[in-house]
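I opened this notebook to record what I looked up in one protein structure. My topics were helix packing, salt bridges and nonpolar cores.

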Amino acid sequence: MSVFTLREEEREARLVRELAELTERHRAACPPYQRILDAIGARPPYERLVDLPWLPVRLFKTHELRSVPPERVFRVLTSSGTTGQRPSRVYLDREAAAAQTRMLAATLREVLGERRLPMLVVDSRSVVRDATLSARGAGVLGMMNFGRDHTFVLDEQGRVDAEAAKAFLARHGGGRFLVFGFTFMVWLYLLDLGLDLSQGVLIHSGGWKRLAEQAVDNAEFRRRLGAECGLVRVHNFYGMVEQIGTIFLEGPDGDGLYCPDFADVVIRDPETWEEAPPGVPGLVEVVSTLPTSYPGHVLLTEDLGVVRGVDDGAWPGKRFEVLGRLPQAEARGCSDTFGQH
């Protein structure tokens, strides 16, 4: 069942209703959240997504925000953060953890299909063995759930293992397979292999900062992969630990990121906080019905973005682009820190 079905008008009507109910549920269950809402005078009814009260995503670094009692906390997730930064802390009960896993799978199924595909990982196996799992390691480990016969492009020392990649393609190169890696590492290591990856589906995310420094944008990234590897099924995604399980997936034409039916974005003018119209950049606000155990359902990020179109692409709903971090916002850590330690 597809999770990319709702046109924007229907999506907004459904999400406003569900998120308004979730807002009141969190208000009753999370005293710090209640104090925030009282302080800003947030009260229903909410008529549009833009009317819902948002939290700055950085608040999860400084406050304990959960809507379930301590004994019901099943898992505590932490964000990446670079050295010296406080990580975000996200509290999941069993129901929320199960829902985020299920909806992430449903989103990725849109481009991967129903069956687990053989998986080529553009990273080193050592990244998932570290006892203090990094955000990059957690990302790789999470995606490994969607693949089989996991083969790593880099050896334990972080050097390219071309023979392992060639052996993988000898086994699986005749049919569909999954390639996963963080964006900068895909650029750094996959192109140099000179292999035929034309049957692959690439899922990638993060690490655009160092590519931007080399004047490589998304169009050039996709062009080079197609020309040098035959890799044309390429899907970037945008997501964060503070809304775990919700990802915004690049459409098949590379024309922007799309919202699954249970989520949406609002681009806000950073001076007026009003919604910016399509084509006008602003701060990205992400909304999702998945955060039921903590009040992370309406979050203002520190990323700049722009809506490129509405109900005019391969999938319905808003089609948007993330332009980068807000100046002076904290670095996310993650794949951009590869090779800097």
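The entries below follow the order in which I looked things up.

**Entry 1: the model.** I note at the outset that this is a predicted model.

**Entry 2: two helices.** I looked up how helix α7, residues 183-190, lies against helix α9, residues 218-229. The two pack at an angle of about 35°, and their axes are 11 Å apart. I recorded the crossing of α7 and α9 as left-handed. On the α7 side, the contact is made by Thr183, Val186, Trp187 and Leu190. On the α9 side, I listed Glu220, Phe221, Arg224, Leu225 and Cys229. Sorted by character, the residues of this contact are six nonpolar, one polar and two charged.

**Entry 3: salt bridges.** How many salt bridges does a search of the whole structure find? I noted 27. As background, I wrote down that side chains of opposite charge can pair when their charged atoms come close. I then looked up three pairs.

- Asp51 and Arg48 meet through their side chains, at 3.4 Å from N to O. Asp51 counts as partly exposed because its relative accessibility is 32%, which lies between the limits of 20% and 50%. Arg48, at 40%, is also partly exposed.
- Glu114 and Arg109 form a salt bridge of 3.6 Å, N to O. Glu114 has a relative accessible area of 63%, so it is exposed. Arg109 is partly exposed at 31%.
- Asp312 pairs with Arg319, and their closest N and O atoms are 3.0 Å apart. Is Arg319 buried or exposed? Its relative accessibility is 12%, which is under 20%, so Arg319 counts as buried. Its partner Asp312 is partly exposed, at 46%.

I also found a network in which salt bridges share partners. It joins Glu8, Arg11, Asp261, Asp264, Glu275 and Lys318.

**Entry 4: nonpolar cores.** My background note here is that in soluble globular proteins, nonpolar side chains tend to be buried together. The largest nonpolar core in this model has 73 residues. Which of them touch the most other members? I recorded Leu112, Val140, Ile203 and Phe248. Helix α4, residues 94-112, gives the most to this core, with nine residues. For Leu112, leaving out residues up to four places away in sequence, I listed contacts with Leu117, Phe146, Arg176, Leu178, Val201 and Ile203. Another core, of 27 residues, lies apart from the largest one. Its members include Leu120, Trp187, Val216 and Leu225. I had already met Trp187 and Leu225 in the contact of α7 with α9.

Conventions: Residues numbered from 1 in each chain as written. Predicted model: local features only at pLDDT ≥ 70, side-chain atom pairs only at ≥ 80, totals over all residues. Heavy atoms only, no water. Axes fitted to C-alpha atoms, helices over the stretch in contact; angles between N-to-C directions. Helix = DSSP H or I, 4+ residues; strand = E, 2+ residues; numbered from the N terminus. Left-handed = near helix turned anticlockwise from the far one by under 90°. Contact = heavy atoms within 4.5 Å. Nonpolar A, V, L, I, M, F, W, Y, C, P; charged D, E, K, R; others polar. Salt bridge = Lys/Arg side-chain N within 4 Å of Asp/Glu carboxyl O. Buried < 20%, exposed > 50% of the residue type's maximum accessible area, 1.4 Å probe, protein only. Core = buried A, V, L, I, M, F, W, Y, C linked by side-chain atoms within 4.5 Å.
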